[in-house]
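The exercises below are to be worked through with the sequence and the coordinates at hand. Each task is followed by a solution that proceeds step by step.

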Amino acid sequence: MDALNHLLAGFAAALSFKYLMFALVGCVLGTLIGVLPGLGPAAGTAILIPLTFSLDATGAIIMLCAIYYGAMYGGTITSVLLNVPGEAASVVTCIDGYQMALQGRAGTALAIAAIGSFVGGTLATVALVMVATPLATLALKFGPVEFFALMVAGLCLVVGLAGKNMLAALLMTVIGLLFAMIGVDPVRGAPRFTFGVEELYDGIGFVPVVMGLFGVAELLLAAEQRQARIIQANLNKWMPTKEERRASVGAIGRGTVVGFVLGLIPGVGAIVPTFMAYVIEKRVSKTPERFGKGAIEGVASAETANNAYANAAMVPLLALGIPSSPTIAVLMGAFIINGITPGPFLFQEQPTLVWTVIASFFVGNALLLILNLPLVGLWAKLLKIPFSYMCTGVLIFCIIGAYGLKQSMFDVWVMLGFGIIGYLLRKLDFPIAPAILALILGPMMEKSLRTTLEISGGSFAIFLERPVALVLLTVPVIVLGALLLRPKTFSKLRESDVD
Amino acid sequence: MRQGRLIATGAMLAFCLFALWQSLLLSLTDRLGPGPGFFPFWLALIGTVLAVALLFTTFREPADPADAEVRILPQGPGVRRWLAIVVLVAATAVAMEVIGFRLAMLAFNAALVIALGERRWWLIGVFAIGGSFGVHYIFTRWLDVLLPDGLIWG
């Protein structure tokens, strides 16, 4: 009941003209980012952080969250019209969405994606309201021992699900944690790994690193590739037929459940729920042979799961302070920039902010539906922006974002350096997500561990004496063990069900 | 690609060894408990072990024919665009401190769109001015973001 009252108050604030405009601008910019091939939600959210510098904390977070789920939807447009996913989670949408476009049903594919995204996002936010408060209340009982165990568990799950090579993912996590050690020691205040460079006393900036690894690296990759061919689709006819609507209802329902449940697990990433929803839909279908040839359920299930995941992934962030994906880590960075630490205390210390932000998720989902159904033709026109202008425009934002946070040119160099590193790491198939999450969690992990060891007088046995910590540390051992024993489970699943 | 992975893992191993050495220069423990070097020391040690293990497994893995097609460094016509992005961002970072955001970005915008294939001069001009003076106006006046004025404007 308390949560409902808070939520209603949140709605009152979120529907005020100011926050409504921030959500609208965020949705528009997010969709724009999603539409531009190669720029994913993580890069989009990071490069648009400078737009929020002058906003109050609530406004800034509302806008960045709107950018996030706007980008999640925007990726659909390129998947359907170009057969190029605007972001990784839209890969599955390409399979049937592009086929629908070839058959002259691009408008219907985009419409069902918008409807599925709205339903999935809204229902996932309802579930978020119900789950987040009890989870945060439970987490309030956590001490540094449990928090350290929780962060280890979160990182290990990310590592386990990050890619083919678990050793590489583990190494990337450690590298990310080591970069997080640069700067002033969070417990004693002693400078570390600064080598007398003044700019390093504040540590390596999270924003320039993310802009480099995601924004600049993606542009460098795109600079090598050729532009894809756009389908000249008829987007005026977008209303699904009665039969298509009936076929999509079940897919949307199942996609919501899959997206929400998997969104709660750190490290799953947006691509797994969409694949899983698609695979389930194909398995339950009476005519699975239609999948891959323009089945509307294929688009509906993947897009619904995608947005349900995006909203559910906010639960671990808001309730536990654990980012479950690089984009959520960027949002966590935005919280920290605004002087707010996500986690269980957020619901106690900043109830107005957190409930306004949650209410804005509902508002944002509705805005996206309104924006995307009638304006789909307009978004499609953006695909005609030449790469030269898109690339230069994005780099302007990257340079401003890297410089603007601390007025430091050093951060622009950091961004460029990490851009080149990110480019090479992607080419070499090293997973970047674990390093990003480790970079943001590093200082908190160190503080929790050192406080724990100060409490225990230096004994690690404290982790065995606290049941919650023990359980949390057991989970990653089981997950990593299972993945080591059966490393090809996911790839086999993909190969067998998604052509 | 395997050679590239070996080089990258070797670089990470060197980074971990360097971090290990640097963390040993800090105190690992003091009378209050773990010191500033404690966490980085263990991380660097774990990283070193992981990097060695990865080097070993990469070295032993059989050659994949698909790997031969993957080119690590940019090749062909893409290399010019790739270099243009890197060199121009670096040049802009240097130039912004001297001539300020507006002029540096004016040159950056014009040079990059040309390097990426644009040839319509009027469009290049409009974009370069909008993306430098226009963006500066919006960010400094409306969004309160401080941007460098350089030695000329300062």
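**Exercise 1.** Determine how far apart the centres of domain 1 of chain B and domain 2 of chain B lie.

Solution. In this predicted model, the centres of the two domains of chain B, taken over C-alpha atoms, are separated by 38 Å. The bounds to use are 2–69 for domain 1 and 78–153 for domain 2.

**Exercise 2.** Describe the side of chain B that touches chain A, by elements and by residue class.

Solution. Begin with the totals: 56 residues of chain B are in contact with 50 residues of chain A. Next, assign the chain B side to its elements, where α1 (2–24), β2 (33–34), α2 (38–60), α3 (78–115) and α4 (121–142) each give two or more residues. Among these, α3(B) gives the most, with 15 residues. Finally, sort that side of chain B by class, which yields 40 nonpolar, eleven polar and five charged residues.

**Exercise 3.** Establish how α3(B) and α4(B) are oriented towards each other, and which residues meet where they pack.

Solution. First, take the geometry: the axes of α3(B) and α4(B) are 8 Å apart and the packing angle is about 150°. Because angles over 145 degrees count as roughly antiparallel, α3(B) and α4(B) are therefore roughly antiparallel to each other. Their crossing, in turn, is right-handed. Then list the partners: residues of α3(B) including Phe101(B), Met105(B), Leu106(B) and Val113(B) meet residues of α4(B) including Ile124(B), Phe127(B), Phe133(B) and His136(B). By class, this contact of α3(B) with α4(B) has twelve nonpolar, four polar and one charged residues.

Note on methods. Residues numbered from 1 in each chain as written. Chains lettered and ligands numbered in written order. Predicted model: local features only at pLDDT ≥ 70, side-chain atom pairs only at ≥ 80, totals over all residues. Domains from an automatic or database assignment. Contact = placed C-beta atoms within 7 Å. Helix = DSSP H or I, 4+ residues; strand = E, 2+ residues; numbered from the N terminus. Nonpolar A, V, L, I, M, F, W, Y, C, P; charged D, E, K, R; others polar. Axes fitted to C-alpha atoms, helices over the stretch in contact; angles between N-to-C directions. Parallel < 35°, antiparallel > 145°, perpendicular 65-115°, else oblique. Left-handed = near helix turned anticlockwise from the far one by under 90°.
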